[in-house]
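New to this one? Here's a quick briefing to read alongside the model.

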Amino acid sequence: MTSYIDAAKAPLKNTGQIKLYSSEDFDGMRKACQLTARCLDEVAGMVEIGLKTEKIDKFVFEYGMDHGAVPATLNYRGYPYSSCISLNHVVCHGFPSDKPLRDGDILNVDITFILDGWHGDSSRMYIAGKPKRAAERLVDLTYDCLMAGIDAVKPGNRMGAIGAAIQELAEKERCSVVRDFCGHGLGRLFHDAPNVLHYGNANEGVEIVPGMIFTIEPMINLGKHHVKILKDGWTAVTRDRSLTAQFEHSVGVTETGCEIFTASPAGHTKPPYASG
Ligand code: MF3
Ligand code: CO
Ligand code: CO
């Protein structure tokens, strides 16, 4: 049985209980998440043909340092970078690299900053040069899947409503939803209860109640949903090598719906991003 617990009275670990946060906690999350969002806004101005993605990673580290924040992924369970950068058929947890971006590459940049103890977790897709039509369509669809999931976040709905909305839209467009990774509760912890599935039935899962904080981060494939992990122990790729895309927001449940903590201050949603 899942239960809810006042976050202020909960131990700082994942006990499987779902923590409910106060409006002061929401203030803390908003600040951490807005820092992450501003950094993702800056990345939009960096992405171009020829860029080595390790330069983005270095920028993320320094952006965090300059703003009193620490990248949560650095040394997290042995993960060696300040960001995850996942290109083309890489589903998630890709390593930044010294390989230059090529015309038409699509990439996800996933950043989590810890600011004053709060975790701001978000990712967006970027495109180098001119995308192929299928790639552009996948990126668009994946953004729409994230927003369909967010629209389902309302007190009274069950958590399954999020996954159901995402799966319905993805499969209607003949794409598939990755099963092996899910969204997660977060706050003072990076990965906490509940798991947020990106597929499933609207009448399953725990009830959504005000004060919950979690991510939604669907990974959508052009081909089949299966993934495999490369020998580096981290990089997840599509088994059929089909293109994949992901967007992620951190949200807090309100009385009427949710607040998107990681919404872009520059108004960026999905590519192409207006520059300047
Ligand atoms: N930021 C990822 C997420 O959305 C987690 C990355 S964990 C890492 O949950 F260790 F791979 F960096
Ligand atoms: Co996440
Ligand atoms: Co993330």
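**Ligand 1 and the metal site**

A polar side-chain atom of His 191 sits 2.8 Å from one of the oxygen atoms of ligand 1. Keep in mind that this is a predicted model. On its own, ligand 1 would expose 330 Å², and the protein buries 96% of that.

**Around ligand 1**

- Ligand 1 has 14 residues surrounding it, and the closest are Thr 73, His 184, His 191, Glu 217 and Glu 248.
- His 184 has an N or O atom in its side chain 3.0 Å from an oxygen atom of ligand 1.
- For Asp 110, a side-chain N or O atom is 3.2 Å from a nitrogen atom of ligand 1.

**The cobalt ion (ligand 2)**

- Four residues supply the protein donors of the cobalt ion (ligand 2): Asp 121 (OD), His 184 (NE2), Glu 217 (OE) and Glu 248 (OE), lying 2.0 to 2.2 Å from the ion.
- Why is the arrangement around the cobalt ion (ligand 2) irregular? Because its 6 donor atoms subtend angles of 52 to 159°.
- Along the sequence, the donor residues of this ion follow the spacing D-x62-H-x32-E-x30-E.

**Two cobalt ions and the chain**

- The cobalt ion (ligand 2) is 3.3 Å from the cobalt ion (ligand 3), and Asp 121 coordinates both.
- Distant parts of the chain are linked here: Asp 121 is in strand S7 (residues 118–127), while Glu 217 is in the loop between strand S11 (213–216) and strand S12 (219–221), 96 residues apart.
- Are Asp 121 and Glu 217 buried or exposed? Both of these residues are buried.

Technical notes: Residues numbered from 1 in each chain as written. Chains lettered and ligands numbered in written order. Predicted model: local features only at pLDDT ≥ 70, side-chain atom pairs only at ≥ 80, totals over all residues. Heavy atoms only, no water. Donors = N, O, S within 2.8 Å, 3.2 Å for Na, K, Ca; no water. Tetrahedral: all angles 85-135°; square planar, octahedral: opposite > 155°, others 65-115°. Helix = DSSP H or I, 4+ residues; strand = E, 2+ residues; numbered from the N terminus. Buried < 20%, exposed > 50% of the residue type's maximum accessible area, 1.4 Å probe, protein only. Near = heavy atom within 4 Å. Polar contact = N/O pair within 3.5 Å; in protein donor to acceptor, adjacent residues only side chain to side chain. Areas by Shrake-Rupley, 256 points an atom, 1.4 Å probe, with all protein chains shown as cover.
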